[in-house]
Number of protein chains: 4
Amino acid sequence: MGDSAAKPGRYFSLSELEPQAQERLPKMVYGYYASGADSESTLRDNIQAFKRRRLLPRIMVDVGHVDTSFSLLGAKLKMPVLVAPMAMQQMAHPDGELAVARAAAAAGISMSVSTMATYHLEDVAKAGSACPLLFFQLYVIKDRDFTAKLLQGAAEAGYKGLMVTVDAPHLGHRQADERNQFSLPTSMSLRNLEGLQPKGAHGHSKSSISQVFTSQIDPKLTWDFIAWVRSVSTLPIFVKGVLNPADAHLAVQHGVDGIVVSNHGGRQLDFAPAAVDMLPAIRDAVGRQVPILVDGGVRLGTDIIKAIALGADAVLLGRPVLWGLALEGQQGVEKVLETLRSELELAMALCGAPSLAQITPSLLMGPAARL
Amino acid sequence: MGDSAAKPGRYFSLSELEPQAQERLPKMVYGYYASGADSESTLRDNIQAFKRRRLLPRIMVDVGHVDTSFSLLGAKLKMPVLVAPMAMQQMAHPDGELAVARAAAAAGISMSVSTMATYHLEDVAKAGSACPLLFFQLYVIKDRDFTAKLLQGAAEAGYKGLMVTVDAPHLGHRQADERNQFSLPTSMSLRNLEGLQPKGAHGHSKSSISQVFTSQIDPKLTWDFIAWVRSVSTLPIFVKGVLNPADAHLAVQHGVDGIVVSNHGGRQLDFAPAAVDMLPAIRDAVGRQVPILVDGGVRLGTDIIKAIALGADAVLLGRPVLWGLALEGQQGVEKVLETLRSELELAMALCGAPSLAQITPSLLMGPAARL
Amino acid sequence: MGDSAAKPGRYFSLSELEPQAQERLPKMVYGYYASGADSESTLRDNIQAFKRRRLLPRIMVDVGHVDTSFSLLGAKLKMPVLVAPMAMQQMAHPDGELAVARAAAAAGISMSVSTMATYHLEDVAKAGSACPLLFFQLYVIKDRDFTAKLLQGAAEAGYKGLMVTVDAPHLGHRQADERNQFSLPTSMSLRNLEGLQPKGAHGHSKSSISQVFTSQIDPKLTWDFIAWVRSVSTLPIFVKGVLNPADAHLAVQHGVDGIVVSNHGGRQLDFAPAAVDMLPAIRDAVGRQVPILVDGGVRLGTDIIKAIALGADAVLLGRPVLWGLALEGQQGVEKVLETLRSELELAMALCGAPSLAQITPSLLMGPAARL
Amino acid sequence: MGDSAAKPGRYFSLSELEPQAQERLPKMVYGYYASGADSESTLRDNIQAFKRRRLLPRIMVDVGHVDTSFSLLGAKLKMPVLVAPMAMQQMAHPDGELAVARAAAAAGISMSVSTMATYHLEDVAKAGSACPLLFFQLYVIKDRDFTAKLLQGAAEAGYKGLMVTVDAPHLGHRQADERNQFSLPTSMSLRNLEGLQPKGAHGHSKSSISQVFTSQIDPKLTWDFIAWVRSVSTLPIFVKGVLNPADAHLAVQHGVDGIVVSNHGGRQLDFAPAAVDMLPAIRDAVGRQVPILVDGGVRLGTDIIKAIALGADAVLLGRPVLWGLALEGQQGVEKVLETLRSELELAMALCGAPSLAQITPSLLMGPAARL
Ligand SMILES: Cc1cc2nc3c(=O)[nH]c(=O)nc-3n(C[C@H](O)[C@H](O)[C@H](O)COP(=O)(O)O)c2cc1C
Ligand SMILES: Cc1cc2nc3c(=O)[nH]c(=O)nc-3n(C[C@H](O)[C@H](O)[C@H](O)COP(=O)(O)O)c2cc1C
Ligand SMILES: Cc1cc2nc3c(=O)[nH]c(=O)nc-3n(C[C@H](O)[C@H](O)[C@H](O)COP(=O)(O)O)c2cc1C
Ligand SMILES: Cc1cc2nc3c(=O)[nH]c(=O)nc-3n(C[C@H](O)[C@H](O)[C@H](O)COP(=O)(O)O)c2cc1C
């Protein structure tokens, strides 16, 4: 009776997690977490972009010891993986962002905490105090004073970097959220936005997070905003949501400390390209001036190798973290991270690349290699 | 019980409309509206041609205000969308073309009224008197005097432009219509063709509209016909049904005022290319001498951006208008147009292109970009 | 109840015929007619090769009259279509080859009669005496005297051309025939091979036609065989089964009068290319020295246009003839030919090519056009 | 009533064998034999890489006699096919490797015996004493003395060549084996590894063969290992598991006697390319200095022709041998080999290539031909 793989928490690949989590989560929450914008073409392409690339391994390399460790902003991470900033994690598990921070700390990797978290950024920082590198992800609030205070709070709480999300001047159109009339359960709140003045009319036909966006988030940002951030914070600044090589170039010209190549997990502009497809051109545009992170669709150890071979320094991991959290809280997230780490280690061995430095474009076959 | 999306009139994307309308409409009517020629390969490709293109967005552009407005023949439209000329709209709803004209007026966009309308062109013009730009679509009748009178009537009724359809010297072969032995319900008639002498033998194995075509429509048109139209009408002349860049060039040489790149919604020559696939070459052939419209398969706001980036000035919208009409009359058409408009607005914001002028080929990725 | 399309003999496209015929025919017969070699990859590709090409129509051409007529070996055919040589047609209908010959005559087109016919070549010629051009298809018998007599008989019976099939030195491996232990029903016989001495051992594990091949057909033919045919017959010689441009070149060097580009309907070498895919290179190799016919997968009027635009002069039609024959005898074949003719006529009109001479490579889009 | 094809042992193509064997074998055994690493993308691509290539046949070649014979290391084989080394064949049939060796001998082809065999290499050699060419496949044991003794034993037992497998420094991650908690049934053992000291901790979450690998197999091999093999054995050395042309070049520089281009049947690095896709570049890198064998996905006679046309001298056949063994022991393997041989013979005839030397790259169409 019953395939053993159906037991929650038992899986042999991260791709098995989503259906398990779907069974556990309320439809509305699952819809919010899983869905992408409009026809979800970008959401699907994030996965396909990895699948269509092949790896051409080397043999007869001593792989008795494989080293997955990675340095970012002076911090030493156990692997080139960061937990992506994701809003409202309490919907998956009561411990929400706290559990994720503890798991990231246990796994020795970095985490980025969303402006839209359901725990206060200080509390998350405390939970993740053993985490080698905490980022605070910023959605820019129209009220600039409020924004400035958020950034100061982040610095005081021990965050070591900022991710300024720039691909969401308006919230993407996610049909599932409209269909489910998504809103944050009343027992939870966006803790870091407390104290903000409600602005504008709040319609009822749109999802509640869409209302927050429309009323509070600034759609008028231009590149000079980077200088403003510098003026209120000394933390290193990564911009998250770059796809166009021309914008990557501008970002560096405006002095950012890092770039996150991302289409926001397919949740903003439908038909945007897969982020990994843009990596080679972005690495060309940027050179080695700043670190390049990438996210969207990372599900296998080989995906990380492909991302690095295409030009990334490290990857962000999104939804699988939420699925692990939904299934087993902190422990579930740890299992997700450990699965990915052991896959990465084995794949590096089988590629004949026992350290990250040995992951070069020559490992790649497929469209990117032929461009 | 029942997914809420099944409620007629509730939808989150225009692609959901067709199955809802199919449930409402008689099989014969649905077949006539939905079907394409022969194997329907062109019908499907119209949709796919949009799907296979990606958009490469810009970031850090002030998109606090997005302007979708568009000018054509001196008229100001709220967006670069025209309702395509489509025959026999009473079959969808008793108000037929009148309802569509009212909806186009309410949405502030242009409409093109078919020679094969089930309301008289004057009545439609009255219903759409608030419409910024009414086109009359001409099927050229063998009886040239009758044709001339039609054109004069259109001018007098207030139409501001002509669309001469040139891809239908014979009617395409639509299997659904043969299967359903399609004919216009006897309670309706082709009002604008009343008074025409019946010509030739009327077989019974063919659909009734096919009989009208065979007997009345002129399959002998050549380019000198444009001069004849000029001789009987002062209205601007668009030719509808251009796919070959060589023909686009000839059209301009023969003095047309605009071009509609179209395969007639996949209803004429099966295996004709998707119209959008021909846009770049046609724009090359024509330059900026005349406006270029395109139709076939527009279903999403991003489709409009893609069409413009490929070389169009604006798009025509076909079947979704009929589905909205079938479901809720004028109001249903308004909802369709508003859905598309709000999608376009959001997509422009997320592309970092807050006005139509900022939609350039550099936004495109995919086959066309690589050609 | 029941879709009207299920009524035998009622169809709107030739692709609907096969399932109807399948219902009527014994499994063994259907298997023999329908199947291809091994994995049937070539069988499927014959159809796909047409589907992946598009037609780029011209407009504003006078298509009041469309002329599909075609001349071959001095004969005038109503359209550029020949009935392909196909073995054992009595299995489909008692009138077998006689019915097909009569239908070809009625349609004003050419027919090619197989060596493996179930009526004697003289009787078929009599039935098809009104046929503008009868070909006799030759499988070369090891016994050369027998072969010579066959050819003389064909000339005397009024055949006007020979098709020497050169792609079947051994019979292809068709799984369906093995599965069904195919053999010609005992009530029928291969009339043109009567009097042949049985040769070699006749195993039981192979299909009966496979036994005839192994024992009687010569697998040692080389190009000097053409000269031998000339020495015993004055009829024009077409070689059937050419795919390689190098062989097309050799064929012309050895003085053939025409070439049939064919993979034998996917029944011989699995993974051979679709015949139409080879047309441009073969036309290049051969120039205008001899007519080029092609077969495999022709099912639509547009297929004929594509074949001609790719370099063919005319096409052969295979299986649809058998399906029509199985459903309604001579009348069924006539309906098949008339369906194709009217599709061709309409497609030529919609392409703006009212005569065959106007079907040029510039009408084509797709892989071939891009090669 | 069941399709006759369902009768075990009755089949018309090797691709029908796997489902038949699956019915017979315990789930755990079938899983171990059939599965590939991770998402099985490489496993599938091995099959697809053959399917996407076409063969462009020649005609009018005397194919009265077709010669499939092939010479390797001085031995004469009836066809260019070797049985691939595959572990633990007793799980398929009590006679295991003995039955396979006898079948290879009967078919007049070569066999390669795995280090992980369930019969002792001497016993297999005895069973296969009539086999024209026996290879011993080596997994390099950390204990070098043990390894040296294995090699000496192989030479004494009559093996004529070595295949050193170099693509498995660690065992690939096969989800089916984890799922089924795969371990060798206790009634069987890895006979050639008896006497080895257990090493390291043996976890329970991994498959038992995975434990053997982790504890016993050396992940530190580099190219100087070839010289060590030479120092303890005079047998010719083939390295198995080469995909990268750069490694093929290094292999030859280090003096190997042959190369097996292989991704280990998709069981090691998921997303490695199909082996046949690498053949042309590897043949380029290596020239004619050493024989090149290839494996992965060979299922049809035409596959062998494609492999040779792409640059291989011969192919290894893997899983179909296990399926034949599972269904009918030695006889089942013989049937598999005879099916492939007769397909190869017919395909060579239909290609107009009556000997292996006539199989050249000009027979190929498809991606490789276009590169
Ligand atoms: C449920 C959810 C919420 C997200 N919330 C945020 C957010 O608050 N800020 C942000 O910059 N990105 C957010 N993202 C985007 C992620 O940071 C990341 O770009 C994306 O999830 C990566 O793709 P993946 O889920 O396929 O791994 C969110 C993504 C998801 C799935
Ligand atoms: C039911 C129907 C009727 C049509 N009637 C006409 C017509 O009378 N005149 C004309 O020029 N085009 C006609 N068209 C073609 C449309 O103007 C337009 O080219 C096409 O519908 C656009 O494709 P879409 O439906 O995919 O948006 C018709 C299309 C449909 C679907
Ligand atoms: C049932 C059947 C029997 C055939 N017999 C012969 C034959 O006797 N001689 C021959 O040259 N080709 C023979 N062919 C091949 C046809 O002449 C022709 O090449 C092929 O059927 C064309 O492909 P189509 O069926 O897709 O139109 C046969 C084909 C079929 C389907
Ligand atoms: C069940 C199984 C066991 C295998 N064991 C070994 C082995 O012990 N040593 C080795 O070098 N390759 C081994 N292989 C790989 C094969 O030698 C060969 O590379 C592969 O099976 C060829 O692909 P195919 O199965 O698609 O024909 C094994 C393959 C299978 C399927």
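Reader: Why is His264(A) called buried?

Author: In this predicted model, His264(A) has a relative accessible area of 12%. Buried means under 20%, so His264(A) with its 12% falls into that class.

Reader: Where along chain A do I find His264(A)?

Author: Look in the loop between β9 (258-261) and α11 (275-286) of chain A. There is also a record for this residue: the UniProt annotation "active site", from an unreviewed entry, covers His264(A). Such annotations may be inferred rather than shown by experiment.

Reader: What makes the pair of His264(A) and ligand 1 a polar contact?

Author: The distance decides. A polar side-chain atom of His264(A) is 3.3 Å away from a nitrogen atom of ligand 1. The cut-off for a pair of N or O atoms is 3.5 Å, so this pair at 3.3 Å counts.

Reader: Which other side chains have a polar atom by an oxygen atom of ligand 1?

Author: Ser262(A) is one of them, with a polar side-chain atom 3.4 Å from an oxygen atom of the ligand. Asp295(A) is another, at 2.6 Å from an oxygen atom of ligand 1. Both values lie within 3.5 Å, so both pairs are polar contacts.

Reader: How do you know how much of ligand 1 the protein buries?

Author: Start from the ligand taken alone, which exposes 600 Å². The protein buries 99% of that area. As for the elements around ligand 1, those that give two or more residues to its shell are α2 (27-34) and α13 (319-351) of chain A.

Reader: Which residues come nearest to ligand 1, and how does its shell divide by class?

Author: The shell holds 22 residues, and Pro85(A), Ser114(A), Thr165(A), Asp295(A) and Arg299(A) come nearest. Eight residues of the shell are nonpolar, nine polar and five charged. Asp and Arg count as charged, so Asp295(A) and Arg299(A) from the nearest group belong to that class.

Reader: What do we find around ligand 2 in chain B?

Author: Here too the shell has 22 residues, with Pro85(B), Ser114(B), Thr165(B), Asp295(B) and Gly297(B) coming nearest. Gly is counted among the polar residues, so Gly297(B) goes into the polar class. By class, this shell has eight nonpolar, nine polar and five charged residues.

Reader: What makes Lys240(B), His264(B) and Arg299(B) polar partners of ligand 2?

Author: Take them one by one. Lys240(B) has a polar side-chain atom 2.9 Å from a nitrogen atom of ligand 2. For His264(B), an N or O atom of the side chain is 3.3 Å from a nitrogen atom of the ligand. For Arg299(B), the value is 2.9 Å, to an oxygen atom of ligand 2. Each pair is within 3.5 Å, so each is a polar contact. The accessible area of ligand 2 on its own is 600 Å², and the protein covers 99% of it.

Reader: Which side chains make polar contacts with ligand 4 in chain D?

Author: Among them is Gln137(D), with a side-chain N or O atom 3.3 Å from a nitrogen atom of ligand 4. Asp295(D) has a polar side-chain atom 2.6 Å from an oxygen atom of the ligand, and for Arg319(D) the distance to an oxygen atom is 2.9 Å. The protein covers 99% of the 600 Å² that ligand 4 has on its own.

Reader: How do you know what relation links chain A and chain D?

Author: A rotation of 90 degrees, with 0.0 Å of shift along its axis, superposes chain A on chain D with an RMSD of 0.0 Å. That is the relation of a four-fold axis. Chain D can likewise be laid on chain C by a turn of 90 degrees and a shift of 0.0 Å, with an RMSD of 0.0 Å.

Reader: Why does Val232(A) count as partly exposed?

Author: Its relative accessibility is 21%. Buried needs a value under 20% and exposed one over 50%, so Val232(A) at 21% belongs in between. Val232(A) is found in helix α9 (residues 225-232) of chain A.

Reader: What about Gln175(A): buried or exposed?

Author: Gln175(A) has 12% relative accessibility, which is under 20%, so it counts as buried. Its place is in helix α7 (residues 175-179) of chain A. A polar atom of the Gln175(A) side chain lies 3.4 Å from the backbone oxygen of Asp38(A).

Note on methods
Residues are numbered from 1 along each chain as its sequence is written. Chains are lettered from A and ligands numbered from 1 in the order in which they are written. This is a predicted model: local features need pLDDT of at least 70, side-chain atom pairs count only at pLDDT 80 or more; totals for chains, interfaces and linings use all residues. Side-chain values use heavy atoms; hydrogens and water are left out. A residue is near a molecule or strand if one of its heavy atoms lies within 4 Å of it. A polar contact is a pair of N or O atoms within 3.5 Å; within protein, one must be able to donate a hydrogen and the other to accept it, and residues adjacent in sequence count only if both atoms are side-chain atoms. Accessible areas come from the Shrake-Rupley method with a 1.4 Å probe; for residues, only the protein chains shown count as cover. Copies are superposed by least squares on the C-alpha atoms of residues with pLDDT of at least 70 in both. Helices (H or I, at least four residues) and strands (E, at least two) are DSSP runs, numbered from the N terminus. Buried means under 20% relative accessible area, exposed over 50%, partly exposed in between (1.4 Å probe, protein chains only).
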